[in-house]
Amino acid sequence: MKMYKEIKTIQSRLIVMMIIMVGAAIAVVMLKNFAVGLLNSPMMKEYLKNSPYKNALSLMSKLSNDFSYYTYSQWFGKNYIQLSALVAIVFSFPVFSKEREKRTVYLLIGRMNRWEIYSSKILTGYLSVISVMFAGSFGYLLTAYIMKYSLPFSMMFYWTVMATIGTLLLYQIGTYASLIFKDQIKPFLLDIAIYIGIYVSGLFKQTRFLNLFGYMGKSDVLKGAGIAIFPTVVILSMCTAIFIGEYLQFKYMDL
Amino acid sequence: MMDVIEAKGLSKVYKNGVKALKGVSFSIRSGRIFALLGPNGAGKTTTLKCLLGTLKPTSGEILTLGKQPFPDGVKDASFVPEEKSLYDWIKVPKMVKIFGSFAPNFSFERFEKLAKRLGLTMDRKIGELSQGNRTKLYVSLAFAQDVKLYVLDEPTWGLDPLIRKEVLNLVNENVVGGKTVLYSSHILSEVEEVCDDLIILKEGNIMYNGTLDNLKEKNGTNLSETFLDMFRGEKR
């Protein structure tokens, strides 16, 4: 597979995203004591006593004493998911639209057949997404071990796998947006609109099943659950369907 | 001599309804320099893109080196498009390495000789290159591929007269070596200098299809005058 060109094209974005992801992971672990100290301050305790949320105090105590809960609430259920959306958008929106907008696609076409062009682009993006997501997880885990916090490996692994699979779907949707527009702005805006739609769908009971972010940061893992099989299969099937449909569209489109 | 390209009743209507080609038929024999001429909007670039498989013809048939070019293109052809767009943020040597990683039959040694011959500036980012240097780079990359067909759209754009002459020599040398060149340019004097056969397009139709010698003989003047007369409507 002729991936050298794609790797060179994506290289700087990959390095930047890797630094952001690993840096954020390290920061979340290192700031644990600081965050917990703030929450345990007398002023905050007084405030929480009067809070309308009945279990606010018990949650604060859990956050202080249970590192797995802290990990979920501050990283795998929050910042990691938000960063994964950024990862998907950064890697996907220029994939085809940039080549078409800048007219560099004529350098490729003919010298590679359409399958070679398509597969090298999409699979390089897949590998980049997986690398950044796993770097974020292992960066977090390693820092936690160095700081002597206890975090079950299996828990981290389940969250990582589900978040990565969800990000791959977001990436695949993003590349489709990149294919249908000839400039780079529209796919970028469409990606953002899709993310907002996914987030909003999680707010209503009737559309909650569409909330991909809920799957990516599943709280059941805290209670000992593993990878959610059914949604995983559905999401992977959607990825495959978009991958095939997108290829057929790319194969027969005028360039 | 076999036909390298054969187009029969080739038509292309774009989604916006523009009829770029209206049933053109022609063939290109191997080992020749074939020019494609016409004013802006005549259908030259559409023809080239159909021949290379980047556009799907609305109707008609094309065979490029014996195969239908759409959708996968033709690996035994090398294309220099009108817009010499490359990856602006990459330095020239890196661009060459990247190109060599996917372009069939690419020779780094051949590229170095061509770059030297055309006086290409190497130690710069592509975005910092002048139009002339971009053309030199694209032409050097294209000719560093050892393929049967070279398709050149405005291959001397932005070049000074000396380098322009070198590019024309390069075109001639490749044809002597058994290759075929399809050449499109607005500079009629240079087309006249190199081409054997030509077609002249106007609004998607062929105005002339034959050898350069026949055209000049028929009109008793040079290509530039003949071309201008054809479009002014003074002579047919």
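## Close-up views of a predicted two-chain model

**Figure 1. Charged pairs across the contact between chain A and chain B in the predicted model.** Between chain A and chain B, 3 salt bridges are counted. In one salt bridge, the side chain of Glu83(B) meets the side chain of Arg103(A), with an N to O distance of 3.2 Å. Counting residue pairs in polar contact, with both residues at pLDDT 80 or more, gives 16 such pairs between chain A and chain B. On the side of chain A that touches chain B, the elements that give two or more residues are helix 1 (4–30), helix 6 (97–101), helix 7 (105–108) and helix 8 (114–146) of chain A. Of these, helix 1 of chain A gives the most to that side, contributing 4 residues. When the residues on the side of chain A that touches chain B are sorted by class, 10 are nonpolar, 4 are polar and 12 are charged.

**Figure 2. Extent of the contact between chain A and chain B.** The contact draws 26 residues from chain A and 32 residues from chain B. The size of an interface is often given as the accessible area lost when the parts come together. Chain A and chain B bury about 2600 Å² between them, and 58% of this area lies on carbon and sulfur atoms. Within chain A, the residues that lose the most area to chain B are Tyr106(A), Leu107(A) and Arg111(A), which together make up 29% of what that side buries.

**Figure 3. Backbone and surroundings of Arg103(A) in the loop between helix 6 and helix 7 of chain A.** Although Arg103(A) is not a glycine, its phi is positive, at about 65°. Arg103(A) has a relative accessibility of 38% and therefore counts as partly exposed, a class that lies between the limits of 20% and 50%. The side chain of this residue, Arg103(A), is the partner of Glu83(B) in a salt bridge between the two chains.

**Figure 4. Ser178(A) in helix 9 (residues 153–180) of chain A.** Ser178(A) is buried, because its relative accessible area is 0% and buried means under 20%. From this position, the side chain of Ser178(A) reaches the backbone oxygen of Phe93(A) at 3.0 Å. Leaving out residues up to four places away in sequence, Ser178(A) touches Ser92(A), Phe93(A), Pro94(A), Val95(A), Phe96(A), Ser97(A) and Pro187(A).

**Figure 5. Overall makeup of chain A, with Val16(A) in helix 1 of chain A.** Chain A contains 12 helices and 0 strands, and the C-alpha trace of chain A spans about 70 × 40 × 30 Å along its principal axes. Of the 255 residues of chain A, 49% count as buried. Among the contacts in chain A with a separation of 6 or more, 82% join residues 24 or more positions apart. As one pair of residues distant in sequence, Val16(A) and Val132(A) are 116 residues apart along the chain, while their C-alpha atoms are 9.8 Å apart in space. Val16(A) itself is partly exposed, with a relative accessible area of 46%.

**Figure 6. Crossing of helix 3 (residues 108–118) and helix 5 (residues 161–176) of chain B.** The axes of helix 3 and helix 5 of chain B come within 10 Å and cross at roughly 145°. Helix 3 of chain B brings Arg110(B), Leu114(B), Arg117(B) and Leu118(B) to this contact, and helix 5 of chain B brings Ile163(B), Glu166(B), Val167(B), Asn169(B), Leu170(B), Glu173(B) and Asn174(B). By class, the residues of the contact of helix 3 with helix 5 of chain B divide into 5 nonpolar, 2 polar and 4 charged.

**Figure 7. Backbone geometry at Pro71(B) and Glu154(B) in two loops of chain B.** Pro71(B) is located in the loop between strand 4 (59–64) and strand 5 (77–80) of chain B, and the peptide bond leading from Phe70(B) to Pro71(B) is cis, with omega near 5°. Glu154(B) belongs to the loop between strand 6 (149–153) and helix 5 of chain B. Although Glu154(B) is not a glycine, its phi is positive, at about 50°. Glu154(B) counts as buried because its relative accessibility is 4%, and the limit for this class is under 20%.

Key:
Residues numbered from 1 in each chain as written. Chains lettered and ligands numbered in written order. Heavy atoms only, no water. Contact = heavy atoms within 4.5 Å. Buried area = accessible area lost by both parts, 1.4 Å probe. Salt bridge = Lys/Arg side-chain N within 4 Å of Asp/Glu carboxyl O. Polar contact = N/O pair within 3.5 Å; in protein donor to acceptor, adjacent residues only side chain to side chain. Nonpolar A, V, L, I, M, F, W, Y, C, P; charged D, E, K, R; others polar. Buried < 20%, exposed > 50% of the residue type's maximum accessible area, 1.4 Å probe, protein only. Axes fitted to C-alpha atoms, helices over the stretch in contact; angles between N-to-C directions.
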